[in-house]
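Good morning. I have one structure to go through today, and I will keep it plain. Please look at the display first.

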There are 2 protein chains.
Amino acid sequence: MSDLPTRIHIHEEGPREGFQFEPNAVPTGRKIELIEALAQTGLQELQIASFVNPKRVPGWADAEAVVTGVRKRPGVSYTVLWLNEQGFLRAAGMDGVTLKASITSSASETFMKLNQNQDYSKNAEVQNAFMRLYREHEVAFVRGAVMATFGCNFEGNVGVSKVISTVERIQEIAAAHAVKLDNLTLADTMAWATPQSVKRVVGAVRDRWPEIPITLHLHDTRGLGIANACAGLEMGVTSFDASVGGLGGCPFAGHRGAAGNVCTEDLVMLCEEMGIATGVDLDRLIDAALLAEEIVGHPLPGAVMHGRSLGQLRRKIGATPPAASC
Amino acid sequence: MSDLPTRIHIHEEGPREGFQFEPNAVPTGRKIELIEALAQTGLQELQIASFVNPKRVPGWADAEAVVTGVRKRPGVSYTVLWLNEQGFLRAAGMDGVTLKASITSSASETFMKLNQNQDYSKNAEVQNAFMRLYREHEVAFVRGAVMATFGCNFEGNVGVSKVISTVERIQEIAAAHAVKLDNLTLADTMAWATPQSVKRVVGAVRDRWPEIPITLHLHDTRGLGIANACAGLEMGVTSFDASVGGLGGCPFAGHRGAAGNVCTEDLVMLCEEMGIATGVDLDRLIDAALLAEEIVGHPLPGAVMHGRSLGQLRRKIGATPPAASC
């Protein structure tokens, strides 16, 4: 495991991902309460709202109110999601938000057709229009984002060559606008990744574009999220999307198929126990996860939030941290 | 990942572990129903009851009735747990049970003192007495079992040298009775393992005793169970204890600290997707996990049971399995 990084960066997506998904309306004040609690944990980047059509996603009708209401903490970046021009313009009009743009494509064209009614050609048009908009608004950060990187519910497993050609399409769009990608997010949109395929795909992408940092966006629908993150760490990946408490997923029968992101506390636990710094205070983060659980009113799928951190146990018994003891 | 095995063996412990833990009494008939469903999944070894003091563990007051009631399926081994002579004699009196004995010690003497009121010297006496009993009853299978292999809530992390000396103590007892250990179970009793420590400890134990097959008994209290199992697979481990649905653990607040075993379906999913045979029909096993959830009457922590198997999705869309497609 010689490629293990010494430090990783976590992009916390729980508020955006979780509140969008919750069946019961979460009051604006409680969304703000969770976001402010998360900002106190050491997490440095929080995705706090989704500027989407309130008729389609009523859970984010209050996006402006949430973003305005959050007391911004110095040193923390607040990001938001948008899916079309109108959403971007709403986001761009907000103070205190770091605009991070994506050039998005999918390693499965079938998924893109079914999910967004776009083939690759239409998607390139859409992404090019976005890029012109981003230039007008001087958006400083542009990442490439690959959906369905490891597999697709409609195509099956996705091979490495399709991922590479998808990144090539993204790079063509970036080049046409004289943009150098700041990051490449490999998203396991439908939870098909295994530790093996994470290693294979990350290795192939890194070999081809060694200069672009990779972020893994992993879903835990089938229980492999943390194992897949670990495979990413072993490949030297230093950036992960994650969701506090696993917000967005839910063990309830009525929510079956809910594809929560990999749980932030469980990821932090994995890293800290392996000597990889996250900058996060795990016990504070567990408190935030418990707050999230209270706010949504049902059990969240996170594990360490229910099992206590090892750091807490160590302090209780005066034991040394893992690096020193084994 | 060149050490990945081609096939693993799973010892299913869900019924024993889960029903012991459930706060509400599970009727004998429903226990039998789950066990019989599990026997139809391809699992070849099921731990179906616990012969313990019914006053202390009322959930297993019906151990005899369960063992007698289960229609035994040819090709499936049915094992049981006991903790003292009386429990062993009850177990030994049952038909259709495969008696598998353990010489048990703990890599944390503190844990053994607190949990069983035994120091190493007292434990050796107890284990020696067991061994005499096992010889009288011609028990054919004896494994070594190390508790607290990776860490202890009362001692902190456990270093490799303590695991090695614990196995040496177990080997001394075995040697005194002219027994060759059939297996060595490394148990992460209090969920302290990480993928790193699994690799380190398994590597050290295997280097020292290359002839003894290793079983990993992993708890998922802090969300690292499957990642730890994956680390074991990467070290060539071919035998795992697991629990259907994660029975024994529970995401409910009232059950916090519940340390469920690694979830059988999620482990099977991990293996099958990486081309490692388990002999188990994952979709049948998911049905058994959903039955277990219905029987206990609350959500179980398993993931793939709620997210559908990839095999099911592949069949629906006519996609090829992973080995062929990537």
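I will start with how the chains meet, then go through a pair of helices, one more helix and a single residue. Keep in mind that this is a predicted model.

First, the contact between the chains. Chain A puts 49 residues into it, and chain B puts in 50 residues. On the side of chain B that touches chain A, the elements that give two or more residues include helix 8, helix 9, helix 10 and helix 13 of chain B. Sorted by class, that side of chain B has 27 nonpolar residues, 15 polar and eight charged.

How are the copies related? A turn of 180 degrees, with a shift of 0.0 Å along the axis, lays chain B on chain A with an RMSD of 0.0 Å. That is what a two-fold axis does. The copies meet through the same surface, because 98% of the interface residues of chain B are interface residues in chain A as well.

Which residue of chain B comes closest to the rotation axis? That is B:A227, whose C-alpha is at 1.9 Å.

B:A227 also takes part in a helix pair. In helix 9 of chain B, B:A227, B:N228, B:C230, B:A231, B:G232 and B:E234 meet B:P195, B:V198, B:K199 and B:V202 of helix 8 of chain B. This contact has six nonpolar, two polar and two charged residues. The axes of helix 8 and helix 9 of chain B are 8 Å apart, at an angle of about 35 degrees, and the crossing is right-handed.

Next, helix 5 of chain A, residues 109–116. Its buried residues are A:E109, A:F111 and A:M112. They sit on the same side of the helix, because their arc around the axis is only 155 degrees. Among the elements that cover them are helix 6 and strand 4 of chain A. Just after helix 5 of chain A comes A:N117, with a positive phi of about 55 degrees.

Last, a residue in a loop. B:V280 lies between helix 10 and helix 11 of chain B. Is B:V280 buried or exposed? B:V280 has 24 C-beta neighbours inside 10 Å, so it counts as buried. Beyond its neighbours within four places in sequence, B:V280 is in contact with B:I10, B:T41, B:G42, B:L43, B:V268 and B:L285. As for B:T6, it is 274 residues from B:V280 in sequence, and the two C-alpha atoms are 14 Å apart in space.

That is the end of my part.

Technical notes:
Residues numbered from 1 in each chain as written. Chains lettered and ligands numbered in written order. Predicted model: local features only at pLDDT ≥ 70, side-chain atom pairs only at ≥ 80, totals over all residues. Contact = placed C-beta atoms within 7 Å. Helix = DSSP H or I, 4+ residues; strand = E, 2+ residues; numbered from the N terminus. Nonpolar A, V, L, I, M, F, W, Y, C, P; charged D, E, K, R; others polar. Least-squares fit on C-alpha atoms with pLDDT ≥ 70 in both. Buried ≥ 20, exposed ≤ 12 C-beta atoms within 10 Å, placed from the backbone. Arc of directions from axis to C-beta. Axes fitted to C-alpha atoms, helices over the stretch in contact; angles between N-to-C directions. Left-handed = near helix turned anticlockwise from the far one by under 90°.
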